[in-house]
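Let's walk through this structure together, going from the overall fold to a spot on the surface. Keep the 3D view open as you read.

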Amino acid sequence: LAAKELSADEFERARGPLVTEAEHAAENDGYWLHALAGGEVEPRGRDLIRDRVSGLKAVTAADVLKAAQEYLKDERSFRMMVVPEGFAVPAELTAP
């Protein structure tokens, strides 16, 4: 993601389902009841809820590239392995 901008097709295949889900959720009373439950505590949250679909639609492939270049850096990466207790991890899997 940080090496080059996504193609229009790749980008739309990633963003499209998020937009569709947000649009469908906004048509559901349950979504609004849940989303607005904390509105009195965090007034800014109402704007975030109201602008969710337009915000998703406003994101561009260039935005994704910029964020990836900022946050997906080698010096920030790590490897995590979850194994059962007592499992003998082969040495070649523990090397940096």
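Before we start, a word on naming: helices here are DSSP runs of H or I with at least four residues, numbered from the N terminus. Please also bear in mind that this is a predicted model.

With that naming in hand, begin with the overall fold. The protein has six helices and zero strands, so it is no surprise that its elements read α-α-α-α-α-α from the N terminus on. The radius of gyration is 20 Å, well over the 12 Å that the globule rule gives for 96 residues, so the protein is more spread out than a compact globule. If you turn the C-alpha trace along its principal axes, you will find that it spans about 55 × 35 × 20 Å.

Next, consider how the chain is covered and how it meets itself. Of the 96 residues, 15% count as buried. The accessible surface comes to about 7900 Å², and carbon and sulfur atoms account for 58% of that area. As for contacts between residues at least 6 apart in sequence, 65% of them join residues at least 24 apart.

Now zoom in on the surface. Which residues make a nonpolar patch there? Met81, Val83, Phe87 and Leu93 do, and their patch covers about 330 Å². Take Val83 as your landmark: it sits in the loop between α5 (61-71) and α6 (91-94). Val83 has a relative accessible area of 33%, so it counts as partly exposed. That value also fits its place in the patch, because patch residues need over 30% relative accessible area.

Key. Residues numbered from 1 in each chain as written. Predicted model: local features only at pLDDT ≥ 70, side-chain atom pairs only at ≥ 80, totals over all residues. Heavy atoms only, no water. Patch = residues over 30% accessible without salt bridge, like charges linked within 9 Å, V, L, I, M, F, W, Y side chains within 5 Å. Areas by Shrake-Rupley, 256 points an atom, 1.4 Å probe, with all protein chains shown as cover. Salt bridge = Lys/Arg side-chain N within 4 Å of Asp/Glu carboxyl O. Helix = DSSP H or I, 4+ residues; strand = E, 2+ residues; numbered from the N terminus. Buried < 20%, exposed > 50% of the residue type's maximum accessible area, 1.4 Å probe, protein only. Rg over C-alpha atoms; globule rule 2.2 N^0.38 Å. Contact = heavy atoms within 4.5 Å.
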